[in-house]
Amino acid sequence: MLTSITLKGVSYAFGANTVLNQIDLHIEPGSVVALLGPSGCGKSTLLRLLAGLTQPAEGEIHFGDRLVAKTGWALPPEARDIGMVFQDYALWPHMTVAQNVSFPLRMRHIPRQECDSRVAQALARVGLSDFADRKPAGLSGGQQQRVALARAIVAEPRVLLFDEPLSNLDSELRGTLCHEMATLLRQLGTTAVYVTHDRREAEILADRIVHLSAGSVAADRLITSSGEFA
Ligand code: ADP
Ligand code: MG
């Protein structure tokens, strides 16, 4: 179920402000691509286009051979088979950890028993097996982000999208979680796009780093498995 992602001439503007300018990008199935660049360069906008949260002004986006967006049209997020992790965790405060994580499965009408076993597996993967019945407010930031990660992977989506997921955490925790996520992404093998302004994070997590600058791809390079530039 691996998929490639292809952007062809994708542009986006907020009014007169052109935020993405004719982006062409092909992402190989199963690769982890970091989108790196300074604040305001268009990273989140590009990720929102990949998620189907907004529509391109120009261009096309394909997941494998499936068209998911074109000028003025976007397949909605729930029809894209994606998992997302945001900077602010975006957990539902009134739900327990297990209810948060099971949400994508309930949306897909997965039977209860399978739901329970998949949730248990996802929580085990992020080291939170003992926290299933807690509410998010009772967890640390790092733990909340692990819950969001479990929720993103529980339905085994074909694309994972991350928008600066570690930015709200202190530097020590950021390092720990970054390495854990790198391991997890390699185990899963899912095609992933990881937005960050932190070069270290990108080098640890990604197979390839795409630098965005003022809405265009400024550089694009592969990373070897040793973490050094190819
Ligand atoms: P990044 O994630 O790289 O920091 P964004 O994609 O969030 O960048 O933003 C890119 C540009 O679009 C910035 O100049 C920002 O000011 C502008 N922008 C972002 N969101 C909005 C919005 N809702 N309305 C108008 N302009 C926006
Ligand atoms: Mg952003």
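## Reading the helices and the ligand shell

User: What makes the length of helix 3 (residues 112-125) agree with expectation?

Analyst: This is a predicted model, and the comparison uses its C-alpha atoms. Helix 3 has 14 residues, and at 1.5 Å a residue these should span 20 Å. The rule multiplies 1.5 Å by one less than the number of residues. The end C-alpha atoms of helix 3 are 20 Å apart, so span and expectation agree.

User: Which residues of helix 3 are called buried, and why?

Analyst: R118, V119, A122 and L123 are buried. The word applies because each has 20 or more other C-beta atoms within 10 Å of its own.

User: How do you know on which side of helix 3 they lie?

Analyst: They cover an arc of only 135° around the axis, so they sit on the same side of helix 3. An α-helix has 3.6 residues a turn, so residues three or four places apart point the same way.

User: What does that buried side pack against, and what does the opposite face carry?

Analyst: The buried residues of helix 3 pack against helix 2 (97-107) and helix 4 (141-153). The face turned away carries Q113, E114, S117 and A124, which are exposed. Exposed is the word because each has 12 or fewer other C-beta atoms within 10 Å. Just after helix 3 comes G127, with a positive phi of about 75°.

User: Why is helix 1 (residues 43-51) called largely enclosed?

Analyst: Of its 9 residues, 7 are buried, so the rest of the structure largely encloses helix 1. The buried ones are K43, T45, L46, L47, L49, L50 and A51. G52 follows helix 1 and has a positive phi, near 85°.

User: What gives the most to the shell around ligand 1?

Analyst: Helix 1 does, with 3 residues. Strand 2 (17-27) and helix 1 each supply at least two. The full set is F14, N17, V19, G37, S39, G40, C41, G42, K43, S44 and T45.

User: How does that shell divide by residue type?

Analyst: It holds 3 nonpolar, 7 polar and 1 charged residues. Gly counts as polar here, so G37, G40 and G42 fall in the polar group.

User: How do you know that the protein matches a compact globule?

Analyst: With 230 residues, such a globule would have a radius of gyration near 17 Å. The protein has 17 Å, so the two agree. Its C-alpha atoms fill a box of roughly 45 × 40 × 30 Å along the principal axes. Of the 230 residues, 40% count as buried.

Notes:
Residues numbered from 1 in each chain as written. Chains lettered and ligands numbered in written order. Predicted model: local features only at pLDDT ≥ 70, side-chain atom pairs only at ≥ 80, totals over all residues. Helix = DSSP H or I, 4+ residues; strand = E, 2+ residues; numbered from the N terminus. Rg over C-alpha atoms; globule rule 2.2 N^0.38 Å. Near = placed C-beta within 6 Å. Arc of directions from axis to C-beta. Contact = placed C-beta atoms within 7 Å.
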